[in-house]
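Q: Please take a close look at one helix of this structure and at the interior around it. I should like a connected explanation suited to a first-year student.

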Amino acid sequence: PLSVLQCPPELAGTLVCAAVDAITESPDGFLEGQALSKILRERCPAEVAALLGGEGGGIGGGQAAAKARKGWLKQLLSQERSIAPVIIPGKTDVYWTFAGSEASVFAGVVVAGAEGGGTKRECPSAPAAAPAPQGP
């Protein structure tokens with residue numbers, strides 16, 4: 001079965017750029033993981049289905065596949081340098097924002113190692129990289 005980390009680059013790129021668009025459109029500059037997942041399923045149904053096991057491919061079936069499907073968004077976005085997870089105090093879900101953005105500093109605690117993954121995709125609506133926050 002296909003893992004999120006093994007999906008074709010063009011499939012990952014389409015989904016990551018859709019995530020960038022969704023975060024850009026968010027008035028707060030960040031989105032809850034469940035909300036972002038829903039947006040991607042609505043905007044890119046064929047790509048999400050291909051990734052998660054529909055349309056002749058994807059992660060496949062079984063318990064291991066069900067677990068992989070549950071974490072597909074985190075696996076996908078952890079490979080993208082421009083998007084970082086944040087934990088907002090008092091919330092249980094992980095939120096997603098742009099790495100190094102004011103939203104990531106204001107929203108709460110940036111998850112350890114959340115500089116983003118190894119790739120930075122060129123998405124038309126991606127904001128310019130923000131400078132890293134300076135310490136006291």
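A: The following account concerns helix H2 and its surroundings. The model is a predicted one. Helix H2 comprises residues 33–43. Within H2, the buried residues are Gly 33, Leu 36, Ser 37, Ile 39 and Leu 40. Viewed down the axis of H2, these buried residues fall within an arc of 160°, so they line one face of the helix. The face turned away from that buried side carries Gln 34, Lys 38 and Glu 42, which are exposed.

What, then, covers the buried residues of H2? The cover includes H1, S1, H3, H5 and S3.

Two of the buried residues, Leu 36 and Leu 40, recur in the largest nonpolar core, which has 25 residues. Together with Trp 72, Leu 77 and Ile 83, Leu 36 and Leu 40 have the most contacts inside this core. At least two core residues are supplied by each of H1, H2, H3, H5 and S3. The largest share, nine residues, comes from H1.

Strands S1 and S3, which belong to the cover of H2, also hold an aromatic pair, the one pair that a search of the whole structure finds. Phe 30 lies in S1 and Tyr 95 in S3, 65 residues apart, and the pair thus links distant parts of the chain. The ring centres of Phe 30 and Tyr 95 are 5.7 Å apart and the planes stand at 70°; because planes over 60 degrees apart count as edge-to-face, the pair is edge-to-face. Phe 30 is buried, at a relative accessible area of 14%, and Tyr 95 is likewise buried, at 11%.

Notes. Residues are numbered from 1 along each chain as its sequence is written. This is a predicted model: local features need pLDDT of at least 70, side-chain atom pairs count only at pLDDT 80 or more; totals for chains, interfaces and linings use all residues. Side-chain values use heavy atoms; hydrogens and water are left out. Rings of Phe, Tyr and Trp (its six-membered ring) pair if their centres lie within 6.5 Å; planes under 30 degrees apart count as stacked, over 60 as edge-to-face and the rest as tilted. Helices (H or I, at least four residues) and strands (E, at least two) are DSSP runs, numbered from the N terminus. Buried means under 20% relative accessible area, exposed over 50%, partly exposed in between (1.4 Å probe, protein chains only). A nonpolar core is a set of buried Ala, Val, Leu, Ile, Met, Phe, Trp, Tyr and Cys residues joined through side-chain atoms within 4.5 Å. The arc is that of the directions from the helix axis to the C-beta atoms. Contact means heavy atoms within 4.5 Å.
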